[in-house]
Amino acid sequence: MAPVISLADIRRVFTMGDQQFEALKGISFAVAAGEFVAIMGASGSGKSTCMNILGCLDIPTSGRYHLDGLDVGGMGTDQLAEVRNKKLGFVFQGFNLLARTPAIENVELPLVYAGIAARERRTMAQRALEQVGLAGKEYNHPSQLSGGQQQRVAIARALVNNPAVILADEPTGNLDSSTSEEIMGLFTALNRQGITIIMVTHERDVAEYAARQITFRDGRIISDAQTKHVGQQG
Amino acid sequence: MDFLQTVKIALRALRTNKMRSFLTMLGIIIGIAAVIAMMAVGSGASYVISQQIASIGSNIILVLPGSTTSGGLRSGSGGSQTLTSDDVKAIMAECPSVDLAAPTVRSSALVVFGNLNWSTVLMGTTPEMFEIREWAISSGRSINQQDVDGAAKVCLLGQTVAENLFGSSDPVGKMVRIKKVPFTVIGLLERKGQSPQGQDQDDAVFVPLRTAQRNLIRSPFPNSVGALMVKGKSEALLAKAEEEVNSLLKQRHRITGSKEADFSTRNLSEILAVAEQSAKAMSLLLGAVASISLLVGGIGIMNIMLVSVTERTREIGIRMAIGAKKNDILLQFMTEAVLLTMLGGIIGIALGAGGATVVSRMLSWPTLISFQSIAIAFVFSAVVGIFFGFYPAKKAAGLNPIDALRYE
Ligand SMILES: Nc1ncnc2c1ncn2[C@@H]1O[C@H](COP(=O)(O)OP(=O)(O)OP(=O)(O)O)[C@@H](O)[C@H]1O
Ligand SMILES: [Mg+2]
């Protein structure tokens, strides 16, 4: 089966004035559909830089990136926006929900930009909220939800457009350990339903939930190991 | 992204900062109200001017005693005694471009009927006056030449005077006392309404010229008159008539060379031109207020929208990450700015229309708010929103999603 994601020799050079810094020094890996990948590594090793490229938010200085059969390389900003809208779901460390906006409308947001009609949006968002166990909290604003619940809303928002991949950069970074477990339980359950997940984390026990761990150091991959067989219980 | 959703998002953003939104709108509100008022004044003035032309006729020359050159001030009629009844006769006889001329003497007088009295304006004049002004009689008869020659003690009442002394009953044939002298009421003038200056033209009583000179205004110069009204044969001949009157009076008053004339002439089209000019100046002033406050209001909107873009950088980042295109963001902020100005425009239209209605009631002008002026004001407010909202919206749309997401 063709991989959902394939990176070939990705480099990312940041230029600040006359200084240059290579945050990614040739990253190559592929992710198959249905995988659950954890990216580990020390602070500053280039994990977020890599996630931004995977998320089509940033463009690599060189290298090739294929997402779900599409060559993302030569795309313009509007095309990239469409790829983000159709193929990707984001979960951030800081939840990044819209304030003063009910949970269900936050979940609907990707569908709004996809041009889906209001009524259909509502039912799809409703279903996504049920999937993350938040039925009954549809009209709570983010300020009326706990951190764990907010992250669930964010996950529902990432799910709602049926993306090829969900990208999560330190999704448990702002949560306590028991809430982290809840969220990881949810990710595991979603992965079992066949959703591909790539997640950055600092914490070893969080990474344990993933079947495959990729470790970065100084902009390079130093290890890429299958820790469980796909489908194995965590 | 559908437009309805865009409007919904924009309205939510405006509602989040109600006070700020309102204060930002103030400039637009004032500007649009001024636009409405400007157009109302403009159409009101042209209405008044056309009314004035219709009511007086543009081919009339006023001859005033005394000179106008002393600091531009004109002494009131009676203040100078330089014009006489003989001047009027001479003008009628010797100026070929003149159709009619009529003298007036003016005073205030207490008119008494039974136990009622009314203080009003007394005018002594000749029959030609009513012809020149085209004042019609609603009952009874007008003053005729015999009345003037015989200094008859008869009078014509304006509607206001008649109402106050006689109520709804017909005053013709009744006796009234003017300055304690008994007079017979021979006629009632038709209603003329307010003058454009707001004076009640029906609050006056008219008597034959000589009667006024002998019995009511005891002047040391019994033959002198106040202002003269001269009607040209036609509008085209008005300038010529004015010249003829001028040179005739100079000759009669022995004014030669650089000696200052003891009278002055002005024609109504000149006076109307002045009125038109002041209306134009008023419109110009309002126009200046409108454009300045729209400019300042627009800059205020731009400023607030820039603040809003900065405040909501993270939101913009989220929207972009989730799939908003540049144009979606651009449209969202443009919509917000235009909604802001259009809301201000609607309030401004209401305010301007209210103000113009009050003014038109007070001056008894017709309703001056046209659909056209409302449409213009509305379009203006939208254009201000588009113009001043574009730069902030462009800035928002140009944000880099990664930087925007990281923004604290
Ligand atoms: N926009 C940028 N301009 C310049 N340098 C950058 C930029 N973004 C990242 N870097 C640099 O690239 C390197 C990798 O940063 P990155 O954010 O990917 O680290 P990370 O692995 O996600 O670290 P952390 O675990 O702390 O989040 C860092 O040294 C950082 O300073
Ligand atoms: Mg990071």
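Start by selecting A:G46 together with ligand 1: a backbone N or O atom of A:G46 sits 3.0 Å from an oxygen atom of the ligand. Keep in mind as you click around that this is a predicted model.

Stay here and add A:S45. One of its polar backbone atoms is 3.3 Å from an oxygen atom of ligand 1. Then pick A:T49, where the contact comes from the side chain: a polar atom there lies 2.6 Å from a ligand oxygen. How much of ligand 1 does the protein bury? Taken alone, the ligand exposes 630 Å², and 70% of that is buried by the protein.

Now widen the selection to the whole shell. Ligand 1 has 14 residues around it, and the closest are A:S43, A:G44, A:K47, A:S48 and A:T49. Color them by type and you'll get five nonpolar, seven polar and two charged residues.

Next, switch to cartoon and see where the shell comes from. Strand 1 (5-16), strand 2 (19-31) and helix 1 (47-54) of chain A each chip in at least two residues. Which element gives the most to the shell around ligand 1? That's helix 1 of chain A, with three residues.

Last stop: leave the ligand and select residues 212-217 and 220-226 of chain A, which are strand 9 and strand 10. These two run antiparallel and are joined by six bridges. To see one pairing, label A:Q213 and its bridge partner in strand 10, A:A225. The two strands form a hairpin with two residues between them. Finish on A:D218 in that turn, and check its backbone: phi is positive, about 50°.

Definitions and conventions:
Residues are numbered from 1 along each chain as its sequence is written. Chains are lettered from A and ligands numbered from 1 in the order in which they are written. This is a predicted model: local features need pLDDT of at least 70, side-chain atom pairs count only at pLDDT 80 or more; totals for chains, interfaces and linings use all residues. Side-chain values use heavy atoms; hydrogens and water are left out. A residue is near a molecule or strand if one of its heavy atoms lies within 4 Å of it. A polar contact is a pair of N or O atoms within 3.5 Å; within protein, one must be able to donate a hydrogen and the other to accept it, and residues adjacent in sequence count only if both atoms are side-chain atoms. Accessible areas come from the Shrake-Rupley method with a 1.4 Å probe; for residues, only the protein chains shown count as cover. Helices (H or I, at least four residues) and strands (E, at least two) are DSSP runs, numbered from the N terminus. Ala, Val, Leu, Ile, Met, Phe, Trp, Tyr, Cys and Pro count as nonpolar, Asp, Glu, Lys and Arg as charged, and the others, Gly among them, as polar. Two strands pair if DSSP finds at least two bridges between them.
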